[in-house]
Amino acid sequence: MSNEFDSAAYQQIWDKLVGYAQDVDTLFAQSAPNAINDGLNTLYADWIPGLANLIKTAGRKMLQALKWLWEKIMDLLEGVAAPLFMAQRAFEWSDAKGAFADISSAINPDLLLAPKEWKGDAADEYVKTVGSQRTAIGKMEEICETCRNHLIAAAIAGFVLYAGVASVVAQFLTAVAVELGLIAAGFTAAGGFAAFWATTGITAAELSAAAGVAVVFVGDQTKAWNDIDAAANNNSGFQKDPDSGAVNWPDPNTKYFDDASVDDDNESKWRLNPDK
C-alpha cells in the first residue's frame, strides 16, 4: 500500500461499513424472522419430518450470528472516523512544516543581504542571532515532520484495518443471504447449511482477528503519541532560563544591533561593507 492516505477511498470504506451495519440491523430485526416464518409456513415444513425443527434451529442460530456480527461492527465503528481525522491533521502539520521551512529559508545566513551589504559589530551580532533563530525554527520543522509521519502511519494502519473489516462483513452477508433464501423456501439442505456455517466460521474468526488488529492499531497510536510528546519536549535549540528553568524561544538580542545610525568612520556598529 502507498505511504500516503487516500481520503476518498477511505470514505468509501466508511460508507460501506455504515451501510453494512444498517443491513445487519435490518436482517436481524426483519429479514431473518420473516424468512423463518415463511419457511415454517411452506408445505415442505409439514411434509418432511423434522424439517420444521431444522428451520427453527437454523433460524435461531442465524439470529445469534447476526446479533454477534452487529455488536462487533458497532464496536469497531466507534473508531472508524479516526483514520480520516488523523490524515486531515497530518496535512495540517505538513502545512505548518512548510511555513517554518519558508521562514528558515528567508533567514538563511548564506542568503541574507545584511552580511553582504553591512559590516561592524551590529552586523556580526545580527548574523549570530539569525543563526540561533534558525536552529529553533529547524526544531519546529522536526516536530511538525514527526507529527505528520506518525499521523499518516496511524491513518494508513486504520485504512488497512477497516478495509479488512468491510471485506469480512461482505462475505458474511453474502452467506446470510443465501441461507435466508433457503430458509424462506422451506428448504435447508444439509450441504447449504454446512456451507453457510463454514463461511460464517471463517468470517467470524477473521472479524475477531480484525478486532485484535484494532487493539494493535490503538497501541500504535499510543506509541505515536509518546514519540510526538518526546519530540515536543526536546528543548535542544531553545534557551533555558538559568533562574526559573523555563524554556524560551531564543532571545533575538536586538539590543546589540538596534542602533540604526551609520557613520562612515570605520567604527560604527552598522557600516557599509566596502568589499560589496
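**Order of the elements.** I began by following the protein chain from the N terminus, and its elements run α-α-α-α-α-β-α-α-β-β-β. I noted that this is a predicted model. My tally for the protein chain is 7 helices and 4 strands.

**The chain as a whole.** Next I looked up how much of the chain is buried: buried residues make up 33% of its 276 residues. I then turned to the accessible surface, which comes to about 15,300 Å². Carbon and sulfur atoms hold 56% of that surface. I also checked contacts with a separation of 6 or more, and 81% of them join residues 24 or more positions apart.

**K139.** I picked out one lysine and found K139 in helix 6, which covers residues 121-184. Is K139 buried or exposed? Its relative accessible area is 9%, and buried means under 20%, so K139 is buried. Which residues does K139 touch, leaving aside neighbours within four places in sequence? I wrote down N234, S236 and F238.

**A nonpolar patch.** Then I moved to the surface, where L43, Y44, W47 and I48 form a nonpolar patch. Together these residues have about 470 Å² of accessible area.

**I48.** I stayed with one member of that patch and asked where I48 lies. I found I48 in the loop between helix 2 (43-47) and helix 3 (51-77). Its relative accessibility is 38%; partly exposed covers values between 20% and 50%, so I48 counts as partly exposed.

Note on methods
Residues numbered from 1 in each chain as written. Predicted model: local features only at pLDDT ≥ 70, side-chain atom pairs only at ≥ 80, totals over all residues. Heavy atoms only, no water. Helix = DSSP H or I, 4+ residues; strand = E, 2+ residues; numbered from the N terminus. Buried < 20%, exposed > 50% of the residue type's maximum accessible area, 1.4 Å probe, protein only. Contact = heavy atoms within 4.5 Å. Areas by Shrake-Rupley, 256 points an atom, 1.4 Å probe, with all protein chains shown as cover. Patch = residues over 30% accessible without salt bridge, like charges linked within 9 Å, V, L, I, M, F, W, Y side chains within 5 Å. Salt bridge = Lys/Arg side-chain N within 4 Å of Asp/Glu carboxyl O.
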